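This note is written for a student who is meeting the structure for the first time. Please keep the sequence and the model open while reading the numbered points.

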Amino acid sequence: MTLALGCIADDYTGASDLANTLTRAGLRTVQTIGVPADDLELPEVDAVVVSLKSRSIEAGLAVARSRAAEKWLRGRGAGHVMFKICSTFDSTDAGNIGPVMDALRADCGEAIVLVTPAFPETGRTVYQGNLFVGAVPLNESPLKDHPLNPMRDSNLVRVLARQSKTQVGLVDLPTVTRGAEAVRARLADLAGKGIGAAIIDAVFDRDLETVGLVAARHRLSVGASGIGLGLARALVSTGKVRSAAASNGQGTAVGGAAACLAGSCSQATLQQIARAESVIPVLRLDPDRVLTDNGEVERALAWARPRLAEGPVLIASSSTPDQVAALQARHGRDAAGHAIEQAMADIAESLVKSGVRRLIVAGGETSGAVVDRLGIPGFLVGAEIAAGVPVLRAVGADAGDMLLALKSGNFGGPEFFADALGLMR
Ligand SMILES: Nc1ncnc2c1ncn2[C@@H]1O[C@H](COP(=O)(O)OP(=O)(O)O)[C@@H](O)[C@H]1O
Ligand SMILES: O=C(O)[C@@H](O)C(=O)COP(=O)(O)O
């Protein structure tokens, strides 16, 4: 297998978002959990998205894991490696976008790295280096209250410079609008000044097509699904990849019981849970009891098991920003996040033992904890539930045939859970 594109994603929902985008753009794509073991049978593909859970871990560890993934991808022929980050640039001044970018750049000897989290289909646009989430700048969006990495600065040139050893420049929208040659000239100018990374403005998909044409001749890029779209379209339009059917993971129905788990506290997920309450049974965990009393997981399982035969259930830890802040003040941010993630993983593991074969998880870190616990090594991409969220068919899972959906906290419409359940048969 010679890869046309290698990708490293810093969380599992982000990886499925990118795998979805690449698949829809015509690349045969597989998502792996970590660097695949030698004995994992992968289909013939154009792109592999290696999913890491490296967004919110210690920077040194994120660097080491990303470098191992890069080595594996380059070893399979990937001339270009894309580091997939969140479209809302989720990170802190300690990293991990900057440290990982610096390390991958050093490894591949890239003079200047193209960086853009723009993903217009989901309302993420970048103008004059400032990231907008829908109509508002990042620092005014709900991301300002994210439980793990509150985003309080919209200027990505500044944000990335605080995390990176290199200086960061800007390729502005007027330059992008002039086309690939203008972008190349601007990048060469910045690189000539010793600047090692550039935030690239992009507002429409056509901007990302321009960026993709430029990026495809580089060894490394950093961004969200939008630059993935640009790269995929460049690979197809230049004949490096022959466009394939839009999905390879449809397959047969798996049946079995269905369950939803929500650990995301995003506004979108809170609304989706509220809407789900009118169609399926919903249990809200008591987060304090998760942190202080092991009985909360058993209580959730005792509630869920008898209901599974009747239809899908949803279990949520999600709370409002005020409640999250209060819990974190009592227990510490990382301890609270970790304990709730592990409780979700415990619940998922037991539900699968009880026959659940269709599982929807809301939240990137939450999905990481659940998928790790289930020991699933990889996924094929199926139908698209919402922008950035595909149905995934597990490959090589101990539990056998399973369908999952890993939803980024911010993605999906108000009826997301019903939409997903409708497509996961
Ligand atoms: N009620 C709560 N209070 C505090 N933290 C919570 C609560 N519920 C979930 N969390 C934690 O918040 C984090 C949410 O992150 P994540 O799952 O990545 O969601 P998103 O996709 O919205 O970023 C996880 O670490 C999760 O365990
Ligand atoms: O790019 C995006 O917004 C998503 O693909 C993503 O990375 C989601 O992260 P979470 O919101 O933590 O799930």
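Which helix supplies the largest share of the shell around ligand 1?

1. The helix in question is α13, with four residues of that shell. The model is a predicted one, and the points below should be read with this in mind.

2. The surroundings of ligand 1 deserve a fuller description. There are 22 residues around ligand 1, and S264, G337, I340, G363 and G409 come nearest. Helix α13 spans residues 333-353 and is joined by α12 (321-331) and α14 (364-374); each of these three helices supplies at least two residues of the shell. Sorted by class, the shell around ligand 1 holds 12 polar, eight nonpolar and two charged residues.

3. Ligand 2 may be described in the same manner. It is surrounded by 16 residues, of which G14, D17, S87, G364 and S408 are the closest. Helix α1, residues 12-24, provides the largest share of the shell around ligand 2, namely three residues. In terms of class, 11 residues of this shell are polar, three are nonpolar and two are charged.

4. From which domains does the shell around ligand 2 draw at least three residues each? Both domain 1 (5-237) and domain 2 (257-423) contribute on that scale.

5. Helix α15 illustrates how one helix can be set against its surroundings. Within this helix, residues 416-423, the residues F416, F417, A420 and L421 are buried. These four cover an arc of only 125° around the axis and therefore lie on the same side of α15. The packing partners of the buried residues of α15 include one helix, α9 (267-276). The strands β12 (257-262), β14 (313-316), β15 (356-362), β16 (378-386) and β18 (403-407) are packed against as well.

6. The overall form of the protein can now be considered. The protein contains 15 helices and 18 strands. Its C-alpha trace spans about 65 × 45 × 35 Å along the principal axes. A compact globule of 425 residues would have a radius of gyration near 22 Å, and the protein, at 21 Å, agrees with this expectation.

7. Two further figures concern the protein as a whole. Of its 425 residues, 55% count as buried. Among the contacts with a separation of 6 or more, 74% are accounted for by residues 24 or more positions apart.

Notes. Residues are numbered from 1 along each chain as its sequence is written. Chains are lettered from A and ligands numbered from 1 in the order in which they are written. This is a predicted model: local features need pLDDT of at least 70, side-chain atom pairs count only at pLDDT 80 or more; totals for chains, interfaces and linings use all residues. A residue is near a molecule or strand if its C-beta atom, placed from the backbone, lies within 6 Å of it. Ala, Val, Leu, Ile, Met, Phe, Trp, Tyr, Cys and Pro count as nonpolar, Asp, Glu, Lys and Arg as charged, and the others, Gly among them, as polar. Domain bounds come from an automatic or database domain assignment. A residue is buried if 20 or more other C-beta atoms lie within 10 Å of its own, exposed if 12 or fewer, and partly exposed in between; C-beta atoms are placed from the backbone. The arc is that of the directions from the helix axis to the C-beta atoms. Two residues are in contact if their C-beta atoms, placed from the backbone, lie within 7 Å. The radius of gyration is taken over C-alpha atoms; the globule rule is 2.2 Å times the number of residues to the power 0.38.
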